[in-house]
Amino acid sequence: MKDCNCSYPCDKKGICCMCIKYHRERDELPACYFPEDAEKTYDRSIRYFLKIRGL
Ligand code: SF4
C-alpha cells in the first residue's frame with residue numbers, strides 16, 4: 001500500500017496482481033504508471049500513458 005498512488009476508491013488497492021489483471025484486460029495500465037496529476041483523471045488507457053510521456 002505504501003507504493004500505491006491510486007486515489008480511486010477501489011477494492012483492489014494494494015492487491016497489485018488483481019489491479020494489473022483488471023487494467024490489462026481493458027488495455028490499460030494501473031495508477032502507479034501515472035504521475036499524480038495524470039492519475040487523478042482516472043484515464044488509465046495506454047493511449048493516455050503514451051501521450052503524457054510524449055511518445
Ligand atoms: S489502479 Fe485501478 S484497479 Fe488499481 S487500485 Fe486503482 S482503480 Fe483499483
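**Loops, helices and a ligand shell**

Colleague: Tyr42 lies in the loop between α2 and α3 (46-52). What is its phi near?

Modeller: This is a predicted model, where local features need pLDDT of at least 70, side-chain atom pairs count only at pLDDT 80 or more, and totals for chains, interfaces and linings use all residues. Residues are numbered from 1 along each chain as its sequence is written, and side-chain values use heavy atoms, with hydrogens and water left out. With that settled, Tyr42 isn't a glycine, yet its phi is positive, near 65°.

Colleague: Is Tyr42 buried or exposed, or partly exposed?

Modeller: Buried means under 20% relative accessible area and exposed over 50%, with partly exposed in between (1.4 Å probe, protein chains only). Tyr42 has a relative accessible area of 38%, so it counts as partly exposed.

Colleague: How many helices does the protein have, and what pattern do they follow?

Modeller: Helices here are DSSP runs of H or I with at least four residues, strands are runs of E with at least two, and both are numbered from the N terminus. The protein has 3 helices and 0 strands. Along the sequence, that reads as α-α-α.

Colleague: What is the radius of gyration of the protein?

Modeller: The radius is taken over C-alpha atoms, and the globule rule is 2.2 Å times the number of residues to the power 0.38. For 55 residues, a compact globule would come out near 10 Å, and the protein agrees with that. As for extents, the C-alpha trace spans about 30 × 25 × 15 Å along its principal axes. The radius of gyration itself is 11 Å.

Colleague: What percentage of contacts between residues at least 6 apart in sequence join residues at least 24 apart?

Modeller: Contact means heavy atoms within 4.5 Å. As background, buried residues make up 22% of the 55 residues. For the contacts you're asking about, the share is 28%.

Colleague: Which other loop residue has a positive phi without being glycine, in the stretch between α1 (16-24) and α2 (36-39)?

Modeller: Look in the loop that joins α1 (16-24) to α2 (36-39). The residue has a phi near 55°, and it counts as exposed because its relative accessibility is 58%. It's Asp27.

Colleague: Which residues does Ser45 touch, not counting residues up to four places away in sequence?

Modeller: Ser45 lies in the loop between α2 and α3. Its C-alpha is 4.4 Å from that of Glu28, although the two are 17 residues apart in sequence. Glu28 is also on its contact list, which reads Asp27, Glu28 and Phe34.

Colleague: Glu39 lies in helix α2. Is it buried or exposed?

Modeller: Beyond four places in sequence, Glu39 touches Asn5, Cys6, Ser7, Tyr8, Ala31, Phe34 and Arg44. Its relative accessibility is just 1%, so Glu39 counts as buried.

Colleague: Which residues surround the ligand?

Modeller: A residue is near the ligand if one of its heavy atoms lies within 4 Å. The shell divides into 5 nonpolar, 1 polar and 3 charged, where Ala, Val, Leu, Ile, Met, Phe, Trp, Tyr, Cys and Pro count as nonpolar, Asp, Glu, Lys and Arg as charged, and the others, Gly among them, as polar. By name, they are Cys6, Tyr8, Cys10, Lys12, Lys13, Cys19, His23, Ala31 and Arg44.

Colleague: Lys13 is in that list. How far is its C-alpha from that of Gly54?

Modeller: Lys13 is in the segment before α1, and it counts as partly exposed because its relative accessible area is 27%. Its contacts beyond four places in sequence are Met1, Cys4, Cys6 and Tyr8. Gly54 is 41 residues from Lys13 along the chain, and the C-alpha separation is 28 Å.

Colleague: And Ile52, which residues does it contact beyond four places in sequence?

Modeller: Ile52 is in helix α3 and partly exposed, given a relative accessible area of 33%. Its C-alpha is 11 Å from that of Asp37, which is 15 residues away along the chain. The contacts are Phe34, Pro35 and Ala38.

Colleague: Is Arg47 buried or exposed?

Modeller: Arg47 is in helix α3 too, with its C-alpha 9.9 Å from that of Leu29, 18 residues away along the chain. Its relative accessible area is 72%, so Arg47 is exposed.
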